[in-house]
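Work through the three exercises below with the sequence and the model at hand. Each task is followed by a solution in steps.

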Amino acid sequence: MTRTATCVYHFLVLCWYVFINYCISQERGDLQKFKIFLNGGRWKYLTLLNLLLQAIFYGVACLEDVLRRIKGKKDIKFLTAFRDLLFTTLAFPVSTFVFLSFWMLFLYNRELIYPEALDAIFPVWLNHAMHTFIFPSSLVEVILRPHCYPLKKKGLTLLAAASLAYISRVLWIYSETGTWVYPVFAELSPVGLAAFFSVSYIFLASIYLFGEKLNHWIWGDMKQPRKKRK
């Protein structure tokens with residue numbers, strides 16, 4: 001795909017995610033009736049955090065596209081490195097995790113993740129925008145452009161830090177309000193909850209490693225070179 005087409009793609013996807021985030025923010029009045037945004041606000045949901053993350057990534061990608069055309073590749077190395085780090089360690093793993101985990105739980109028992117009452121609030125197209133479109137858009141990004149992966153230890157550490165931060169917020173909300181972010185957590189014992197979070201991180205890390213392998217299969221070795229010891 002040409003540079004112009006890549007720029008257009010990034011811009012269109014950015015507009016889409018900005019639009020989706022706007023639509024959800026406008027639903028706030030109705031959602032509060034169903035107590036969905038109470039006890040932690042909208043950012044307690046991984047789905048909505050992911051939509052914000054995708055908007056930020058595609059915003060960075062658009063900026064990098066524009067500056068690359070204006071200043072050239074050498075003058076924006078830092079921005080390119082940040083774009084790759086953001087996509088490889090967060091944007092791709094999180095979007096894929098949300099897509100897979102949501103639909104697996106939804107098909108098993110939707111009341112554990114997305115109660116039927118939400119159908120009266122979110123139209124079907126918005127549900128798919130939040131939980132389905134996120135995966136193909138990330139997959140297209142992998143195919144569209146090569147991304148330089150950090151060293152495996154660094155990438156998995158950053159992913160673990162982000163996971164720990166979210167889990168800490170979920171537990172803090174429960175300790176302060178007595179309610180869980182997702183109904184599935186209420187069905188688990190403390191040991192079951194610890195196992196659920198552990199398995200979720202292993203699943204997330206596996207997605208990260210899959211993305212790295214997929215990037216290597218399509219584009220060859222794009223890892224950052226190791227620094228030589230003096």
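A salt bridge is counted here when a side-chain nitrogen of Lys or Arg lies within 4 Å of a carboxyl oxygen of Asp or Glu. The model is predicted.

**Exercise 1.** Determine how E64 and R68 are placed relative to each other, and whether each is buried or exposed.

Step 1. The N to O distance between the side chains of E64 and R68 is 2.7 Å, and the two form a salt bridge.
Step 2. Both residues belong to helix α3; because they are 4 residues apart, about one helical turn separates them.
Step 3. Buried means under 20% relative accessible area. E64, at 0%, is buried, and R68, at 14%, is buried too.

**Exercise 2.** Find a salt bridge that joins E64 to a distant part of the chain, then the network around the pair.

Step 1. R145 pairs with E64, with the closest N and O atoms 3.2 Å apart.
Step 2. R145 sits in the loop between α6 (134–144) and α7 (152–177), whereas E64 is in helix α3, 81 residues apart.
Step 3. R145 is buried, with a relative accessible area of 12%.
Step 4. A network of salt bridges links E64, D65, R68, R83, D84 and R145.

**Exercise 3.** Describe the largest cavity and its lining.

Step 1. The search of the whole structure gives 1 cavity of 30 Å³ or more, and the space in the largest cavity is about 30 Å³.
Step 2. Its lining consists of R3, C7, D65, R68, R69 and R145.
Step 3. α3 supplies the largest share of this lining, 3 residues.
Step 4. By class, the lining has 5 charged residues, 1 nonpolar and no polar.

Terms used: Residues are numbered from 1 along each chain as its sequence is written. This is a predicted model: local features need pLDDT of at least 70, side-chain atom pairs count only at pLDDT 80 or more; totals for chains, interfaces and linings use all residues. Side-chain values use heavy atoms; hydrogens and water are left out. On a 1 Å grid over the protein atoms alone, a cavity is a set of points where a 1.4 Å probe fits but cannot get out, and a pocket is an open set with protein on both sides within 12 Å along at least five of seven lines; lining residues have an atom within 4 Å of a point. Grid points are joined across faces, edges and corners, and a volume is the space filled by probe spheres set on the points. Helices (H or I, at least four residues) and strands (E, at least two) are DSSP runs, numbered from the N terminus. Ala, Val, Leu, Ile, Met, Phe, Trp, Tyr, Cys and Pro count as nonpolar, Asp, Glu, Lys and Arg as charged, and the others, Gly among them, as polar. Buried means under 20% relative accessible area, exposed over 50%, partly exposed in between (1.4 Å probe, protein chains only).
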